[in-house]
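Please work through the following exercises on salt bridges with the sequence and the model at hand.

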Amino acid sequence: VIQLQEGNYPAARTSFTEAIRLQPDYVDSHYNLACLNALGGEASQGLVHLRKAVMVDPAVKDWARSDADLENLRGLPGFEEIVGNK
């Protein structure tokens, strides 16, 4: 997460991907990879990982609705489908 916050996206991607490989049901890794993709302008990949995170833990929907890192995904049909409206 520190790598993501510092803008070191390649290192963050490697770390999140490895974390998912080691523990596929750890929601934070999927969610953070969604954030990384959204920040990096990779909306479709961001939606893929956000969907995976929601599948692991539906509470992610609440996180996603207000997380500034996901701003690039808001308004996309896939985003609304994944998180719904509250």
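The exercises below are each followed by a worked solution.

This is a predicted model, in which local features need pLDDT of at least 70 and side-chain atom pairs count only at pLDDT 80 or more, while totals for chains, interfaces and linings use all residues. Residues are numbered from 1 along each chain as its sequence is written, and side-chain values use heavy atoms, with hydrogens and water left out.

**Exercise 1.** Locate the partner of glutamate 42 and place both residues in the chain.

Solution. A salt bridge requires a side-chain nitrogen of Lys or Arg within 4 Å of a carboxyl oxygen of Asp or Glu, and the search of the whole structure returns five. One of them joins glutamate 42 to arginine 13, with 3.5 Å between the closest N and O atoms. Glutamate 42 sits in the loop between helix H3 (27-39) and helix H4 (43-56), whereas arginine 13 belongs to helix H2 (residues 9-22), 29 residues apart; helices are DSSP runs of H or I with at least four residues, numbered from the N terminus.

**Exercise 2.** Explain what the contact between glutamate 81 and arginine 51 ties together.

Solution. Their side chains form a salt bridge at 3.3 Å, N to O. Because glutamate 81 is in helix H6 (residues 77-83) and arginine 51 in helix H4, the pair ties together parts that are 30 residues apart in sequence. Glutamate 81 is exposed (over 50% relative accessible area, with a 1.4 Å probe and protein chains only) at 57%, while arginine 51, at 34%, is partly exposed (between 20% and 50%).

Conventions: Helices (H or I, at least four residues) and strands (E, at least two) are DSSP runs, numbered from the N terminus.
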